[in-house]
Every structure is written in C-alpha cells, then in structure tokens.
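Q: Please take one part of this chain and go through it closely, from the packing of its side chains to the strands and charged pairs around it. Which residues are buried there, and what do they touch or pair with?

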Amino acid sequence: MTASAPSTALLTDHYELTMVEAALRSGAASRECVFEVFARRLPEGRRYGVVAGTGRLLDAIESFRFSDQEIDHLRRTTVVDDTTLEFLASYRFQGDIWGYAEGECYFPYSPVLVVESDFAHGVILETLVLSILNHDSAVASAASRMTSAAGDRPCIEMGSRRTHEEAAVAAARAAYIAGFATTSNLEAGRRYGVPTAGTAAHAFTLLHDDEREAFAAQVEALGKGTTLLVDTYDVASAVRTAVEIAGPQLGAVRLDSGDLLSQAREVRALLNDLGNQDTRIVVTSDLDEYAIAGLAAGPVDLYGVGTSLVTGSGAPTAGMVYKLVARTDDSGTMVSVAKKSKDKQSVGGRKYALRRLNAKGCAEAEVIGLGETPADDGDDRPLLVPLVRDGEVVGRESCTIEAARARHEASRAELPAAAHRLQRGEPAVPTLFEDNLP
C-alpha cells in the first residue's frame with residue numbers, strides 16, 4: 001500500500017468485523033481455514049463466464065489497512081470491542097491466495113479464488129473480494145458474448161453515463177479484457193491503459209446553425225478521419241454533407257437511432273455511390289449481443305455499446321459466493337466443511353482445477369480435485385495460479401490488462417462451438433469432481 005492509496009478496509013459489511021470479534025473471543029480466530037469463491041450457476045442460459053477484476057482485487061487487498069481514521073470511526077460507532085480494534089489496527093493479510101488467472105473462462109463451481117489463512121484474516125476479505133469479482137466478471141462475461149457475436153468487427157465501450165462513476169472505470173477495464181477495442185472513459189485510459197476514443201454527440205450538431213457548420217467545425221478540429229454523427233436530422237442529407245466536407249478521406253459516419261440494419265445498408269450504398277468506399281459505418285443505440293448478432297448481415301464496421309455492457313446484459317452480478325470449505329479441528333487436522341441448505345449447497349474441501357482438453361485442444365470438462373490436483377490425462381491445463389504468498393502479492397504479472405486480454409482470447413478459443421451460441425443452453429463444458437479427500 002502506497003502512502004497515497006486510500007484504505008479499502010471499510011469497503012466491507014458490518015458482520016465481517018463482528019464475526020472477527022466473536023472468533024477472537026472464542027479462540028477460533030486462529031484456526032487455519034480455506035475459503036473459496038465460486039458461482040453455483042451461470043446466469044440463465046449462459047454457456048460460460050469470464051473471470052475479471054483480479055488485478056483490481058490485488059490492489060485492494062494491499063490497501064486493506066485500518067488506519068487511525070478507520071479505527072477511530074469504528075470506536076465511535078461501537079462496531080466492535082477494543083480487543084478487536086487492536087487486532088484490526090495491525091491487520092495485514094498474511095495468508096496465500098490462488099485463483100483463475102484474469103481473463104480465464106469459468107463454469108459452475110469453478111474455484112475461481114482460493115484463500116488460505118486463519119479465520120480472522122480470511123473472513124474479513126469476503127465482501128471486498130465479492131464486490132470486485134462479481135461486478136467485473138459480470139461485465140466481462142457480457143462483453144465476451146458481444147465480441148464473440150461481433151467477430152472481427154471492433155466493439156467500443158461507451159457506458160460511463162449508465163452506471164456509477166467508479167463502476168464505469170472498472171467496467172471499461174473488464175470490457176477491454178474481454179475483447180473490446182476502446183473505451184470512451186478517460187479515467188480507464190489513465191488508470192489502466194485502456195485505449196480511449198470519442199468524437200462528438202448530438203449536442204455538438206445542435207450547437208451550430210446547421211449540420212454543415214457543425215461538420216466543418218469538427219473536421220477542422222479533428223481532421224477528415226473523424227467520425228461524423230449523421231442521424232440528428234435526415235440521415236441521407238447528412239451523409240452527403242459529410243462527404244462534401246471531408247471527401248473520400250472521411251473516417252466514419254455514426255448511426256444512433258432507427259432501424260440500424262436497413263439504415264446501414266442505405267448509408268453504405270450512398271457512401272459507395274459518392275466515392276467513399278473506405279468510410280466506415282459505426283452503429284450505436286442500446287446494442288447488446290443479440291442486436292450485434294442481428295447486424296452481422298449488414299455493412300457495419302464498428303459497434304458502440306453502453307447500457308447493456310455495464311449492466312452485464314441482464315446479469316449485473318456473476319452470482320459468486322465466498323464460502324468456508326475447510327478448517328482445522330481441535331486436533332489441528334484440516335477437515336472439509338460445506339453448506340448443505342436447500343438450493344445453496346457448497347462442496348467441502350480445498351479445490352484444485354484443470355481444464356480437460358481433447359487432442360485438438362478443445363475443452364471437454366472442468367475437472368475439480370478435492371484435496372489434491374486431479375490426474376492429468378496428458379492434455380489438461382492447470383487453472384489455479386498463485387496470486388498472494390505469505391501476504392505478499394506474487395501474481396501481478398498474470399493480471400496485467402494485456403496479459404488478461406490475451407488469456408481470454410486463448411481461453412475462449414478452447415471452448416467448443418456451442419459456447420459461442422447466443423441461444424439459451426447448458427454450460428459449454430461440465431464440471432466434474434474427483435474426490436481425493438481421506
């Protein structure tokens with residue numbers, strides 16, 4: 001944690017601290033434990049999910065410190081007793097964390113994160129872990145479906161105005177990992193290096209007396225390669241005006257309303273007639289993966305996506321949970337534990353995961369070993385990588401945004417063809433458990 005990094009310690013739920021207090025009193029706080037993050041199911045009809053947010057999580061864990069300000073607040077509000085405050089004042093996560101590398105695809109019950117520590121040091125991270133992974137993975141999972149549907153045509157992230165200002169930055173990062181080409185969010189560019197792009201909105205056209213004046217001003221400022229928004233008034237008239245001003249060097253025109261498929265065809269024909277065969281067509285307006293797929297038959301060159309992306313395209317959370325799956329008993333022996341309540345069961349035991357691949361490199365199953373790594377049949381790929389060891393971050397290289405982006409492309413390419421269908425269906429590969437517990 002650098003001196004300027006704000007503390008993340010209070011980005012948590014009240015009961016995380018009261019559990020620590022009660023465990024300190026009972027003596028159970030020091031029991032060695034294994035916590036696991038997993039999703040019991042994918043959003044209805046989805047074929048796979050995408051892990052995102054791991055890099056942000058590592059930063060947040062490093063900043064999970066209770067400074068004098070946090071301790072003073074907890075003391076004034078009597079959240080926990082003085083003994084617990086003393087523990088929190090010196091809190092530093094001291095355990096180990098393993099996880100699926102960022103950008104990796106996951107399936108129901110995939111152990112996307114494994115936290116090994118004593119109870120007090122591990123349980124307190126629950127809310128922070130879930131708030132980051134659930135949001136970012138939901139956005140990345142939706143983004144992956146969109147970029148899959150778009151094929152070779154780039155997608156532009158432009159959802160900042162449809163979500164919380166900090167969520168917008170995280171969403172832009174997650175979307176880039178899942179294949180989006182650029183973002184409109186400048187903070188995502190500054191903080192994470194996501195390429196940024198943008199030109200003008202309808203307000204710029206309406207500011208001027210007519211479209212010709214607006215287009216001329218934009219071309220003068222941004223060059224002929226800019227993108228001109230042509231649906232403020234009459235599309236055909238605007239396209240002609242745009243070509244008159246920018247000529248064959250006009251970079252693109254943007255459509256933001258109406259029947260996008262038919263308009264794109266009409267605009268393409270008009271641009272070609274005017275000699276602007278190289279001018280691209282950008283479409284926006286409440287796109288999601290289904291709309292993108294529906295536009296595949298049209299002469300569309302780029303897709304701009306906002307609301308559906310930052311809200312997970314109908315699944316704003318990945319549904320991940322953080323559960324205790326093993327702990328030491330009074331004799332110091334590690335024993336598996338599991339929640340057995342109806343519809344919310346967990347599988348006890350420390351997990352190890354492999355992606356089972358066939359001879360052609362196509363995924364056939366998610367193989368989860370309980371207690372030890374499952375047997376590798378020769379084509380399998382280990383999924384869990386070290387992220388934190390003895391409290392020190394060791395996995396940051398696996399979470400760089402470019403590494404995560406490349407990993408996602410490779411991971412998605414391993415999936416069977418059914419994974420890329422937008423029709424509702426079962427997960428693309430089954431999750432298989434191999435019980436090696438004594």
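A: The account below begins with one helix, moves to the loop and strand that come after it, and ends with the salt bridges.

This is a predicted model, in which local features need pLDDT of at least 70 and side-chain atom pairs count only at pLDDT 80 or more, while totals for chains, interfaces and linings use all residues. Residues are numbered from 1 along each chain as its sequence is written, and side-chain values use heavy atoms, with hydrogens and water left out.

The starting point is helix 4, residues 82-89. Helices (H or I, at least four residues) and strands (E, at least two) are DSSP runs numbered from the N terminus. Four residues of helix 4 are named here as buried: Thr 84, Leu 85, Phe 87 and Leu 88. Viewed down the helix axis, the buried residues of helix 4 fall within an arc of 160°, so they line one face; the arc is that of the directions from the helix axis to the C-beta atoms. Buried means under 20% relative accessible area and exposed over 50%, with partly exposed in between (1.4 Å probe, protein chains only). The other side of helix 4 carries Asp 82, Thr 83 and Glu 86, which are exposed. An α-helix has 3.6 residues a turn, so residues three or four places apart point the same way. The buried residues of helix 4 are covered by elements including helix 1 (14-26), helix 3 and helix 5 (119-123), where contact means heavy atoms within 4.5 Å.

Phe 87 also belongs to an aromatic cluster, together with Phe 64, Phe 66 and Tyr 91. Rings of Phe, Tyr and Trp (its six-membered ring) pair if their centres lie within 6.5 Å; planes under 30 degrees apart count as stacked, over 60 as edge-to-face and the rest as tilted. The model has eight aromatic pairs by this rule. One of them is Phe 64 with Tyr 91: the ring centres are 5.5 Å apart and the planes stand at 70°, so the pair is edge-to-face. These two residues are 27 residues apart and link distant parts of the chain, with Phe 64 in the loop between helix 2 (54-62) and helix 3 (68-76), and Tyr 91 in the loop between helix 4 and strand 3 (96-100). Both Phe 64 and Tyr 91 are buried.

The loop that holds Tyr 91 lies between helix 4 and strand 3. Strand 3 is joined by four bridges to strand 5 (residues 113-118), the two running antiparallel. Strand 3 is also joined by four bridges to strand 17 (residues 384-389), again antiparallel. Two strands pair if DSSP finds at least two bridges between them. Gly 99 has a bridge partner in each of these strands: Leu 113 in strand 5 and Val 385 in strand 17.

Next come the charged pairs. A salt bridge is a side-chain nitrogen of Lys or Arg within 4 Å of a carboxyl oxygen of Asp or Glu, and the model has 22 of them. One involves Arg 355 and Glu 104, whose closest N and O atoms are 3.3 Å apart. Glu 104 lies in the loop between strand 3 and strand 4 (105-106) and Arg 355 in strand 14, so the pair ties together parts that are 251 residues apart in sequence. Arg 355 is buried at a relative accessible area of 0%, and Glu 104 counts as buried at 2%. Both take part in a network of salt bridges that also contains Glu 366, Arg 381 and Glu 414.

Strand 14 takes part in another salt bridge, through Lys 351: its partner is Glu 36, with the closest N and O atoms 2.6 Å apart. Here Glu 36 is in strand 1 (residues 32-39) and Lys 351 in strand 14 (residues 351-357), 315 residues apart. Glu 36 is buried at 3% relative accessibility, and Lys 351 is buried at 1%.

Helix 2, which borders the loop of Phe 64, also contributes a charged residue. Arg 56 forms a salt bridge with Asp 136, the closest N and O atoms lying 2.8 Å apart. Arg 56 is in helix 2 and Asp 136 in helix 6 (residues 126-150), so the bridge ties together parts that are 80 residues apart in sequence. Arg 56 and Asp 136 are both buried.
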